[in-house]
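The following exercises ask you to read a fold from its overall figures down to individual residues. Work through each task with the sequence and the model at hand before turning to the solution.

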Amino acid sequence: MTLKADWEIVGSPIDPDSDERLFFTQHEWDTIEAAAARIIPTDHDPGAREARVIVFIDRYLSGIDYIFAAADGSGFLELTGKFADAWRARMFDMQQTYRDGIKALDAVAHEQFSQPFTDLAEAQQDLMLEAFSGAPKPGPVTLGSSLAVGTFLQGTFDQGLPFFEALCLHTRQGFYCDPVYGGNKDQIGWKVIGFPGPKSLKDTMDGTYSTTEYFAAQYDWNELVPHLGEAD
């Protein structure tokens, strides 16, 4: 297998404002957008809806064209051969997970409220997502004063995840990803957490963007690691 640096670059960065659907039906698009908006809701800060998380998820599930962004952000690497076959198989499973999950979500919504999920009030949508998660809605999290909550922890591996867990993961990824993947429109997710990210992936490759200023220039290892100088 060749190095990714040798792979062909195809396509272009994703337009976060696009309403073109590559995988979802219109109803599926609306349902996932509504669910993601309850996972990262809009309050005093913008949420998943404003960050266009739905575009990220739709493109991710659409096949193999939007998996690895080119290092300069100009497009995406073209997957071929066995690597492409493996990703198609993985996406087929995740596509089915989403389609089955949306149907199940609507079935519960109809059973409880005689309406599809998209027509429910936000509080009712929260109840439906609680039913799928098997846990109550998490409370607000404050950096430095709240305990870690499992559903908030970032991860990257979605293979084999059930619908709700996959949706939570993909919502977080779409909110905090590099904007080249379609989510995090206008770097909304980064701004919410105060992350001064690069303007583009290219800036991370040519030295335009650097995190050097955030490194501690001088430090004492004895202060950073207590008992470092003590004898065993």
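## Exercise 1: the whole chain

The accessible surface of the protein comes to about 13,700 Å², and 55% of this belongs to carbon and sulfur atoms, with areas taken from the Shrake-Rupley method with a 1.4 Å probe and, for residues, only the protein chains shown counting as cover. This is a predicted model, in which local features need pLDDT of at least 70 and side-chain atom pairs count only at pLDDT 80 or more, while totals for chains, interfaces and linings use all residues. Residues are numbered from 1 along each chain as its sequence is written, and side-chain values use heavy atoms, with hydrogens and water left out.

Task: determine the secondary structure of the protein and the share of its residues that is buried.

Solution. Begin with the DSSP runs, numbered from the N terminus, where helices are H or I of at least four residues and strands are E of at least two; they come to eight helices and two strands. Next, read along the sequence, which gives the pattern β-α-α-β-α-α-α-α-α-α. Finally, apply the burial classes (buried under 20% relative accessible area, exposed over 50%, partly exposed in between, with a 1.4 Å probe and protein chains only), and buried residues make up 38% of the 232 residues.

## Exercise 2: helix α3

Task: establish how far α3 reaches and which helices its buried residues pack against.

Solution. Helix α3 covers residues 81-113, and its 33 residues reach 47 Å from first C-alpha to last, close to the expected 48 Å, a span calculated as 1.5 Å times one less than the number of residues. The buried residues of α3 include W87, M91, M94, Y98, I102 and L105. An α-helix has 3.6 residues a turn, so residues three or four places apart point the same way. With contact taken as heavy atoms within 4.5 Å, the buried residues of α3 pack against α1 (26-39), α2 (53-61), α4 (122-133) and α5 (163-176). After the helix comes S114, with a positive phi near 60°.

## Exercise 3: cysteines

Task: count the disulfides and decide whether C168 and C177 are buried or exposed.

Solution. A disulfide requires a pair of cysteine sulfur atoms within 2.5 Å, and by this rule the count is zero. C168 counts as buried because its relative accessibility is 8%, and C177 likewise counts as buried, at 11%.
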